[in-house]
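Colleague: I have a new model open and would like to learn how to read it with you. Could you take me through it one feature at a time?

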Protein chains: 2
Amino acid sequence: MQGETLQPLEPSLSLPERLFVTLRGEIVEGRIPAGSKISEPELARRFNASRGSLREALMRLESLGLLERRVNVGARVVDLTERGLLDLYEVREALEGMACRLAAQHRSDEDITELWQMLGRHEQQEELQAGRAYFQPEGDFDFHFRIVQASNNDLLIDTLCNRLYYRVRMYRYQLGMPSPRAQRAFREHSHIIEAIEMGDGELAELLMRRHIRASRQNIEKKLR
Amino acid sequence: MQGETLQPLEPSLSLPERLFVTLRGEIVEGRIPAGSKISEPELARRFNASRGSLREALMRLESLGLLERRVNVGARVVDLTERGLLDLYEVREALEGMACRLAAQHRSDEDITELWQMLGRHEQQEELQAGRAYFQPEGDFDFHFRIVQASNNDLLIDTLCNRLYYRVRMYRYQLGMPSPRAQRAFREHSHIIEAIEMGDGELAELLMRRHIRASRQNIEKKLR
DNA sequence: CGCAAGGCTATTGTTGACAATTTTATGATG
DNA sequence: CATCATAAAATTGTCAACAATAGCCTTGCG
């Protein structure tokens, strides 16, 4: 049995780094199932890597909150729980609300232009697949991602884009997140950008919080 | 030269874990200076560990945001910047405000009792060292730590207690954080607990945000 | 038949050595 | 004297082997 090929990434990255990125994807998309045990020898063989390199990647995955490790026992993929999902959205509401306010305060013309262009692309794409969920692909992610980038707070950007969003994606992939009606999500996104453009941080924060809270309540309803 | 002894921890923890905890402390307290380069062979010798074990610890430190690594070059301790400090307080304001609101919503009698007891100890201690900064030792941390614990949101607890607070401590140790007048901080803490006790989440959040924002403005003033 | 004790097996913990790369030192040349 | 090329040294990347531990399987006893 030949070793599986790593995700095609810059080969300039170190092996542990490529393992980390690849495994992160496998976990997020559920190809390594939530709650399952990680076998170091098996994974190392699978990617033609030594256990040492693999372990460095596992350490990073643990820090990311995607793995839980116990001494002399090994690593398991975290479980997906309703509580975890609700907690996640609660934190997102606070942080992305803040990101919106900051984006409005520091609003730069480039950011505004890019945000509108992105929304335009989403609109186009949406019309194409008429009715299909605007949320399903990366469209929604693009939006939230961009907003956060515009906040100008590196810690906030790192916390959301390099940590929490992987959890969000993991829940979406595996619990099949709710797809709010495309129309509505699109209009909400549009209003948020407007508020940012006007430099109205207070309104932008309020709209984003409401946007996320609506998703959260949608989830709560769906879970009952 | 004999190897330095690791921090005395549960010996049941793995070596990389103990290295991680020890190094985290060294970096936070500035014994490994901010911005300095990490030499793997040197550190490994210093703690009588192999480079492999050390590298696993370094990976975790990088994920914590205390190290920056570049391929084939090595790791450096992060720099402390004014911007980073202000960003940090901005995020704290949002997250700890949220923690307060949740603590008020889920308020349990045990939490309230513990919070008052803790404040009592702080008062006692403060009277003892009459006028000496209440903020300097771990007093302030106890308070914020406890509040967050009472929020009942595991993700929030992890983000603040296992990630951001290490940065806060690092800045405090090394930039000599502002010590707001003990009296005032104490009174503010007291009011926050009252609001939580009354189950008034809105007020609790507002007070905590103001509390942290005051610290932030204090820092801004001191930096000019 | 249930259960405890002890040994076997597979997994994790840890190490030292080798390969590849960067940095430093050296020296030749304009 | 500055600068560039080259060689040497040190550092990081990667691996395979050994040690220690946990989980299982068998075996013996009540």
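**Reading the DNA contacts**

Modeller: Gladly! Let's begin with a single contact: an N or O atom in the side chain of A:Arg55 is 2.5 Å from a phosphate oxygen of DNA strand C. Do keep in mind that this is a predicted model.

Colleague: Then confidence comes up at once. What is the mean pLDDT of chain A?

Modeller: The general idea is that where pLDDT is low, the predicted coordinates should not be read in detail. Here the mean for chain A is 89, with 87% of its residues at 70 or more. Among the elements of chain A, helix H3 (residues 51–64) has the highest mean, 98, and helix H5 (residues 109–128) the lowest, 83.

Colleague: Back to the DNA, then. Which residues come nearest to DNA strand C?

Modeller: Start with the neighbours, then ask which part of the strand they meet. Of 21 residues around DNA strand C, the nearest are A:Lys37, A:Arg51, A:Arg55, B:Leu15 and B:Pro16. Of the strand's atoms within 4 Å of the protein, 67% are sugar and phosphate. A:Arg51 reaches a base: an N or O atom in its side chain is 2.8 Å from a base oxygen of DNA strand C. A polar backbone atom of A:Ile38 is 3.2 Å from a phosphate oxygen of that strand.

Colleague: And which residues are closest to DNA strand D?

Modeller: Apply the same reading to the other strand. There are 19 residues surrounding DNA strand D, and the closest are A:Leu15, A:Pro16, B:Lys37, B:Arg51 and B:Arg55. The side chain of B:Arg51 has an N or O atom 2.8 Å from a base nitrogen of DNA strand D, while one in the side chain of B:Arg55 is 2.4 Å from a phosphate oxygen. The surface near DNA strand D has seven nonpolar, seven polar and five charged residues.

Colleague: Which elements supply that surface?

Modeller: Look for elements that give at least two residues each: helix H1 (15–28) of chain A, plus strand E1 (37–38), helix H2 (40–46) and helix H3 (51–64) of chain B.

Colleague: Last topic: how is chain A divided into domains?

Modeller: Find the bounds, then look at what the parts share. Domain 1 of chain A covers 15–77 and domain 2 covers 82–223. Their contact takes eleven residues from domain 1 and eight from domain 2. About 870 Å² is buried between them, 59% of it from carbon and sulfur atoms. On the domain 1 side, A:Val28, A:Glu29 and A:Leu64 lose the most area, together 54% of what that side buries.

How values were computed. Residues numbered from 1 in each chain as written. Chains lettered and ligands numbered in written order. Predicted model: local features only at pLDDT ≥ 70, side-chain atom pairs only at ≥ 80, totals over all residues. Heavy atoms only, no water. pLDDT = per-residue confidence, 0-100. Helix = DSSP H or I, 4+ residues; strand = E, 2+ residues; numbered from the N terminus. Near = heavy atom within 4 Å. Polar contact = N/O pair within 3.5 Å; in protein donor to acceptor, adjacent residues only side chain to side chain. Nonpolar A, V, L, I, M, F, W, Y, C, P; charged D, E, K, R; others polar. Domains from an automatic or database assignment. Contact = heavy atoms within 4.5 Å. Buried area = accessible area lost by both parts, 1.4 Å probe.
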